[in-house]
Amino acid sequence: MMKININNFYNRRLQYCPPHFTTTMMKPRGDADKEKINSWIYENCHGRYAMVDDVSLEGDNPGSRLKVGFENPGDLTLLALSGLIGD
């Protein structure tokens, strides 16, 4: 059952990630993971957010990643505590 979030009456998901957003990079296993993350954010977080495909050149596994950014840093904390972020 989907919770009603009053903030969802406006389009909160952006198609780009502004520089002032707090971000994290993740490597989802497919489109189903992306949709699961998007649905969780939509239902449980309150501020604007962005999900964009990006490339990471850092670490041992460079390659395609999903960049998730939040205007409210507390929303990123909620996502981290949810257990959906995994690499």
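## The overall layout

The protein has two helices and four strands. The model you're looking at is a predicted one. Walk along the chain from the N terminus and the elements come in the order β-β-α-β-β-α.

Of the 87 residues in the protein, 32% are buried. The accessible surface comes to about 5900 Å², and carbon and sulfur atoms hold 53% of that. Now take the contacts in the protein with a separation of 6 or more: 66% of them are between residues 24 or more positions apart.

## The sheet

In general, the strands of a sheet pair through backbone hydrogen bonds, and they can do so parallel or antiparallel. Here, four strands make an open sheet with the order 1-3-4-2, and the pairing is mixed. Which strands sit at the edges? They are strand 1 (13–14) and strand 2, each of which pairs on one side only.

Let's cross the sheet in that order. Strand 1 pairs with strand 3 in the parallel sense, over two bridges. Arg13 has Tyr49 of strand 3 as its bridge partner, and Leu14 has Ala50, also in strand 3.

Next door, how many bridges pair strand 3 with strand 4? There are eight, and the two strands run in the antiparallel sense. Two of the facing pairs are easy to look up: Met51 is opposite Val68 of strand 4, and Val52 is opposite Lys67 of strand 4.

Finally, strand 2 (residues 22–26) joins strand 4 through five bridges, again antiparallel. Here you can find Met26 standing opposite Leu66 of strand 4.

## Two rings that meet

To describe a pair of aromatic rings, you give the distance of the centres and the angle of the planes. The count for this model is one aromatic pair. It's made by Tyr49 and Phe70: their ring centres are 6.5 Å apart and their planes stand at 35 degrees, so the pair is tilted. To see why, remember that stacked planes are under 30 degrees apart and edge-to-face planes over 60, with the rest counted as tilted.

The two rings come from distant parts of the chain. Tyr49 belongs to strand 3 (residues 49–56) and Phe70 to strand 4 (residues 63–70), which puts them 21 residues apart. Are these residues buried or exposed? Tyr49 is buried, with a relative accessible area of 1%, and Phe70 is buried too, at 0% relative accessibility. The cut-off for buried is under 20%.

## Asn38 in helix 1

Asn38 is a residue of helix 1. Its relative accessible area is 12%, so Asn38 counts as buried. What does Asn38 touch, if you skip residues up to four places away in sequence? The answer is Arg13, Tyr49 and Met51.

Two of those names have come up together before: Arg13 and Tyr49 are bridge partners. Tyr49 is also one of the two residues in the tilted ring pair.

## Helix 2 and its buried face

Helix 2 (residues 73–82) has these buried residues: Asp75, Leu76 and Leu79. Looking down the axis of the helix, you'd see them fall within an arc of 100 degrees, so they line one face of helix 2. It helps to know that an α-helix has 3.6 residues a turn, so residues three or four places apart point the same way. And what covers the buried residues of helix 2? The cover includes strand 2, helix 1 (31–44) and strand 4.

Both ends of this helix are worth a look. At the N-terminal end, Asn72 acts as a cap, with a side-chain oxygen 3.0 Å from the backbone nitrogen of Gly74. After helix 2 comes Gly83, which has a positive phi, near 90 degrees.

## A loop residue and its neighbour

His46 is in the loop between helix 1 and strand 3. With a relative accessibility of 47%, His46 counts as partly exposed. That label fits because exposed starts over 50% and buried means under 20%, with partly exposed in between.

How far is His46 from Asp75, going by their C-alpha atoms? The separation is 7.2 Å, although the two residues are 29 residues apart along the chain. Asp75, remember, is one of the buried residues of helix 2.

Note on methods:
Residues numbered from 1 in each chain as written. Predicted model: local features only at pLDDT ≥ 70, side-chain atom pairs only at ≥ 80, totals over all residues. Heavy atoms only, no water. Phe/Tyr/Trp six-rings, centres within 6.5 Å; stacked < 30°, edge-to-face > 60°. Buried < 20%, exposed > 50% of the residue type's maximum accessible area, 1.4 Å probe, protein only. Pairing = 2+ DSSP bridges. Contact = heavy atoms within 4.5 Å. Areas by Shrake-Rupley, 256 points an atom, 1.4 Å probe, with all protein chains shown as cover. Arc of directions from axis to C-beta. Polar contact = N/O pair within 3.5 Å; in protein donor to acceptor, adjacent residues only side chain to side chain.
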